[in-house]
Amino acid sequence: MHEEPGEHHAPGRALVIGSGVVGLSCAWSLQERGASVCVVDRDRPGAGASWQNAGLVSPTMSVPLPEPSILRYGVRAVLSPRSPVALVRAVDLRLLRFMATMVRSCTTDAWRKGMEAYRVLNEMALDAYAHQKAGGVEIDLSRGDVVACFAHAHESAGFLREMGSVVAAGQAVELALLTGSDVRAREPHLSGNVEMAVEVRGQQYLTPSHYVHALAQSVRERGGEILEGTPITAVERRHRVLVARGPHGELDADAVVVATGAWASDLLADHGVRVPVYGGRGYSFTVASPKPFASPLYFLAPRVAVTPQGDRVRFAGIMEFGSPDAAPRRSRFADMASAVRPFLLDVDWSTMADQWMGPRPLAADGVPLVGATATPGLYVAGGHGMWGVTLGPLTGSLLARQIMTGETPRELLALDPLR
Ligand SMILES: Cc1cc2nc3c(=O)[nH]c(=O)nc-3n(C[C@H](O)[C@H](O)[C@H](O)COP(=O)(O)OP(=O)(O)OC[C@H]3O[C@@H](n4cnc5c(N)ncnc54)[C@H](O)[C@@H]3O)c2cc1C
């Protein structure tokens, strides 16, 4: 594929590396624009962060992670072994490089700049879901305002301040303040230990593993191939094609998208992408819930999200900065359960199951990396951190437009992977 300046040939064959919600959404949208697509995964669809996360599709709460209070809170928290935020302790140069960039990004100015990028995306996030649904992806999306719960009213100050900054950035936010008795009338599972709550209106949620299945099925039905157990170790441009190499051989394509979540930096270092991406390891489990929860809850102090999932309910939380491949810490499940137990009634903790750890792909400066790399034909879609489910379908749609038309959508300018 030789291009003169200003000339763009839409790639006929695209290869997507990584089959989480972001990679599969890219594949789906590339198909929609006429490309034939192959998706490869070192494991299977959803093997990374996409499988058992909290499943909130929450454009209001989707904001950059690095901000000044992270430094204050983070240092205190990392010193406490049961804290919801921790470093996986190991001599890990990549973690140090990641933390150095993240600490530099914990300024009010950097947060505001990042928030401007998120605001533009958040406004379009639900439409992108509606588009996938209309295109045949069977998504079990439910409407559900997220109820942020606090043991003491004064603990809500930080959250309300953050929502104030989101409003100041120009994003529409609809909140309702609820007293303890208001919120218990709305959600009988809450105990008298919740003094007040903030309802974040207009959000949605899904069962993430079902969504991964539905997307993979739709990609296959449209003629796409998904190769499981196919790790890629390097991508290079040879003459006019891109070649992805791995222990099982080579695959070539006119365009390649790296969507390998928390592992993205492994493949991108040789292609001009300098912002490190690393793991923000989170944990989840489910318990049976014979009486369904009315809507998702979020306990801010222990940072645990509670999402209804059919006849069960999922608890998700913890942020461990560390290698996506390190073993899960088993004690984390009990830590999470004991942090929220005093606030909940009628939950049978003995039915705990589906224990899971997944690495949030954190871009060190808090802004996703979506767009072209320095190697022509090689693109990246990732680094969505805490909000890849919310922003996955939109990411796929915008990046497919860029790949197939050669024009960068204005919504992607701030997400330039070469920044
Ligand atoms: C506890 C928790 C709760 C969360 N809650 C929410 C939420 O409520 N809402 C929300 O929007 N987001 C949430 N997230 C974040 C969300 O899960 C992620 O942002 C999203 O899943 C990232 O998707 P991805 O496709 O970029 O990466 P992943 O899902 O991690 O997919 C990457 C894929 O690449 C594959 N891979 C890696 N390296 C290679 C290689 N070299 N060759 C081939 N394949 C490779 C992996 O096997 C994996 O399948 C949560 C995350 C966690 C951990």
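A polar contact is taken here as a pair of N or O atoms within 3.5 Å. In the predicted model, one such pair joins an oxygen atom of the ligand to a polar backbone atom of Thr390, at a separation of 2.7 Å. The backbone also contributes through Val389, of which a polar atom lies 3.0 Å from a ligand oxygen. A side-chain contact is supplied by Ser50, whose polar atom is placed 2.5 Å from an oxygen atom of the ligand. Of the 1000 Å² of accessible area that the ligand has on its own, 97% is covered by the protein.

The shell around the ligand comprises 37 residues, with Asp41, Ser50, Leu56, Gly385 and Thr390 being the closest. Its composition by class is 17 nonpolar, 16 polar and four charged residues. At least two shell residues each are provided by helix H1 (21-32), strand S15 (277-288), strand S19 (353-363) and helix H10 (388-405). Strand S19 accounts for the largest share, with four residues.

A further feature was identified on the protein surface. Leu160, Leu175 and Leu177 constitute a nonpolar patch there, and their accessible area together is about 230 Å². Leu160 belongs to helix H5, which spans residues 157-168. With a relative accessible area of 30%, Leu160 is classed as partly exposed, a category that lies between buried, under 20%, and exposed, over 50%.

Note on methods. Residues numbered from 1 in each chain as written. Predicted model: local features only at pLDDT ≥ 70, side-chain atom pairs only at ≥ 80, totals over all residues. Heavy atoms only, no water. Near = heavy atom within 4 Å. Polar contact = N/O pair within 3.5 Å; in protein donor to acceptor, adjacent residues only side chain to side chain. Areas by Shrake-Rupley, 256 points an atom, 1.4 Å probe, with all protein chains shown as cover. Nonpolar A, V, L, I, M, F, W, Y, C, P; charged D, E, K, R; others polar. Patch = residues over 30% accessible without salt bridge, like charges linked within 9 Å, V, L, I, M, F, W, Y side chains within 5 Å. Salt bridge = Lys/Arg side-chain N within 4 Å of Asp/Glu carboxyl O. Buried < 20%, exposed > 50% of the residue type's maximum accessible area, 1.4 Å probe, protein only.
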